[in-house]
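Good morning, everyone, and thank you for making the time. I would like to take you through a structure that may be new to you, so please have a look at it before I begin.

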Amino acid sequence: MDVGVITVILLALLFALLGLGVWVFVSLLVVAVVGVHVFTTAPVLGVLGQIAWNSVDSWSLAALPLFIFMGELLFRSRISERLFEGISPWIGRLPGGLLHTNVVASSLFAAISGSSVATAATIGKINVPELKRRNYSERLTLGSLAGAGTLGFLIPPSIMLIIYGVLAEVSIGQLFIGGIVPGALLALGFMLFLGVVGALRPDLAPPPPSYSWRNRLRGLVDILPVALLIVAVLGSIYAGIATPTESAAIGVLGAFLLALAYRTLTPKNFMEAVLGSVRTTCMIGMIIVGAAVLSTAMGYLGIPRTLASWVVSLDLGAYVLILVLAVFYLMLGLFLDGISMIVVTLPITLPIVTAVGFDPLWFGVFLVLMVEAAQITPPVGLNLFVLSGISGKSVGYIAVAAIPFFLILILITAVITAFPDLVLYLPRLM
């Protein structure tokens with residue numbers, strides 16, 4: 001049977017299973033088994049069983065549960081509340097006022113949690129009631145939190161970059177460093193927008209009372225420990241002192257010591273952090289297994305190779321191809337969560353992108369930006385649901401509020417596409 005027909009059949013089966021609400025990893029396994037059993041003569045259990053084991057038998061992947069546990073410890077020990085108190089005196093007098101704390105606090109928490117949903121939930125629980133009490137625009141508050149929450153997927157240590165690095169066999173350390181500049185540009189873009197709106201409409205973001213230098217210096221006491229933890233985790237990777245897995249262990253130790261120092265760690269929230277980490281790690285691990293098995297099945301069927309050859313033969317041009325892929329991922333983000341977007345499509349899109357000359361490391365950052373866009377687009381944008389639960393506003397209301405931040409995200413994606421060295425320069429220095 002023609003490879004194109006086989007591809008359509010398997011994709012139809014996959015989306016049918018996902019549409020019926022079947023677990024993602026089960027859907028991936030079913031499609032893989034059907035593809036190999038029906039369309040090839042390869043021994044299904046022998047081939048796919050070995051691939052399933054190999055996909056998670058990776059030292060690099062050990063960084064994943066450690067970074068998740070680090071984020072859980074910091075979330076459960078309420079260190080993010082100290083971040084708000086520490087940041088406010090330094091940026092409250094900027095146009096846009098305390099709205100900037102949404103972006104800055106999210107950036108800092110993203111650098112120690114690696115999760116978009118955790119970032120949006122943690123910062124949202126603190127900032128939404130606080131900014132509402134101070135008469136800030138609820139639309140701007142929720143929109144900026146939805147946008148800034150996505151930084152958890154880009155600013156290292158990013159769970160998405162770890163998954164991409166393992167599946168694409170790209171250095172996780174270099175991916176982490178490659179995400180720093182785009183993450184900083186995205187945060188600055190959000191803050192610039194909030195500053196302009198605050199300057200033009202001060203009624204939407206009233207300036208807070210003046211802070212003395214004593215308040216600012218006291219705020220440093222709350223910011224400095226978190227900043228030092230970020231430097232320890234990322235600096236050890238960049239300096240070549242530690243691998244990402246070893247730096248994750250450093251991060252867990254640092255988070256544990258911070259929680260002890262602040263006296264916010266109890267046996268109860270410690271067990272909640274452990275169980276939360278186990279649940280998240282198991283969920284991601286099963287999806288990775290399903291993705292690896294499906295990827296192998298596609299390889300046996302020759303689907304990635306055939307599609308890559310077909311796309312190259314169209315002679316679209318590298319940038320037209322990236323535009324097509326961006327639209328494809330934005331549409332896919334309407335129906336799938338970020339992890340599923342990566343694991344389902346990577347076996348097909350990565351060979352195509354590398355065939356036209358794009359660096360796999362750059363594509364990892366591009367792909368994560370597309371996943372970030374999916375986090376704030378209905379109907380499955382997880383950040384929207386998180387903030388809806390916190391604020392009581394509808395998902396549609398928050399999605400509309402997030403539109404300016406969605407457009408800024410697309411703009412930054414276009415900038416790194418036009419200037420790929422924004423992603424690749426720092427990793428080359430490692």
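I will begin with the chain as a whole, then turn to its aromatic rings, its salt bridges and a part of its surface.

Please keep in mind throughout that what you see is a predicted model. The chain has 22 helices and zero strands, and of its 430 residues, 55% count as buried. If we take the contacts in the chain with a separation of 6 or more, 80% of them come from residues that are 24 or more positions apart. As for the outside, the chain exposes about 17900 Å², and carbon and sulfur atoms supply 71% of that area.

Let me move on to the aromatic rings, where the structure holds ten aromatic pairs. One of them is formed by Phe 190 and Phe 405, an edge-to-face pair with 5.4 Å from centre to centre and 70° between the planes. Phe 190 lies in helix 11, residues 180-200, while Phe 405 lies in helix 21, residues 403-418, so this pair ties together parts that are 215 residues apart in sequence. Both Phe 190 and Phe 405 are buried.

Phe 405 also pairs with Phe 193: here the ring centres are 5.3 Å apart and the planes stand at 85°, so this pair, too, is edge-to-face. Since Phe 193 lies in helix 11 and Phe 405 in helix 21, the pair ties together parts that are 212 residues apart in sequence. How exposed or buried are the two partners? Phe 193 is partly exposed, with a relative accessible area of 25%, whereas Phe 405 is buried, with a relative accessible area of 1%.

Elsewhere, one aromatic cluster is formed by Tyr 164, Tyr 319, Phe 358, Trp 362, Phe 363 and Phe 366. Phe 363 is also one of the contacts of Thr 349, which, leaving aside its neighbours within four places in sequence, touches Leu 325 and Tyr 329 as well. Thr 349 itself is found in helix 17, residues 338-355, and at 4% relative accessibility it counts as buried.

Now to the charged side chains: how many salt bridges does a search of the whole structure find? The search finds three. In one of them, the side chains of Glu 138 and Lys 393 meet at 3.6 Å, N to O. This pair links distant parts of the chain, with Glu 138 in helix 8 and Lys 393 in the loop between helix 19 and helix 20, 255 residues apart. Glu 138 is partly exposed at 23%, and Lys 393 counts as partly exposed at 29%. The charged end of Lys 393 also sits over the ring of Tyr 397, 5.0 Å from its centre.

Another salt bridge joins Arg 201 and Asp 203, at 2.9 Å from N to O, and Arg 201 is partly exposed, with a relative accessible area of 41%. There is also the bridge between Asp 421 and Arg 428, at 3.0 Å from N to O, where Asp 421 counts as partly exposed at 42% and Arg 428 as exposed at 53%.

I will finish at the surface, where Tyr 238, Tyr 425, Leu 429 and Met 430 form a nonpolar patch with about 400 Å² of accessible area together. Tyr 425 has its place in helix 22, residues 421-429, and at 49% relative accessibility it counts as partly exposed.

Methods. Residues are numbered from 1 along each chain as its sequence is written. Side-chain values use heavy atoms; hydrogens and water are left out. Rings of Phe, Tyr and Trp (its six-membered ring) pair if their centres lie within 6.5 Å; planes under 30 degrees apart count as stacked, over 60 as edge-to-face and the rest as tilted. Helices (H or I, at least four residues) and strands (E, at least two) are DSSP runs, numbered from the N terminus. Buried means under 20% relative accessible area, exposed over 50%, partly exposed in between (1.4 Å probe, protein chains only). A charge sits over a ring if NZ of Lys or CZ of Arg is within 6 Å of the ring centre and within 35 degrees of the ring normal. Patches are made of residues with over 30% relative accessible area and no salt bridge: like charges are joined within 9 Å, nonpolar side chains (Val, Leu, Ile, Met, Phe, Trp, Tyr) within 5 Å. Accessible areas come from the Shrake-Rupley method with a 1.4 Å probe; for residues, only the protein chains shown count as cover. A salt bridge is a side-chain nitrogen of Lys or Arg within 4 Å of a carboxyl oxygen of Asp or Glu. Contact means heavy atoms within 4.5 Å.
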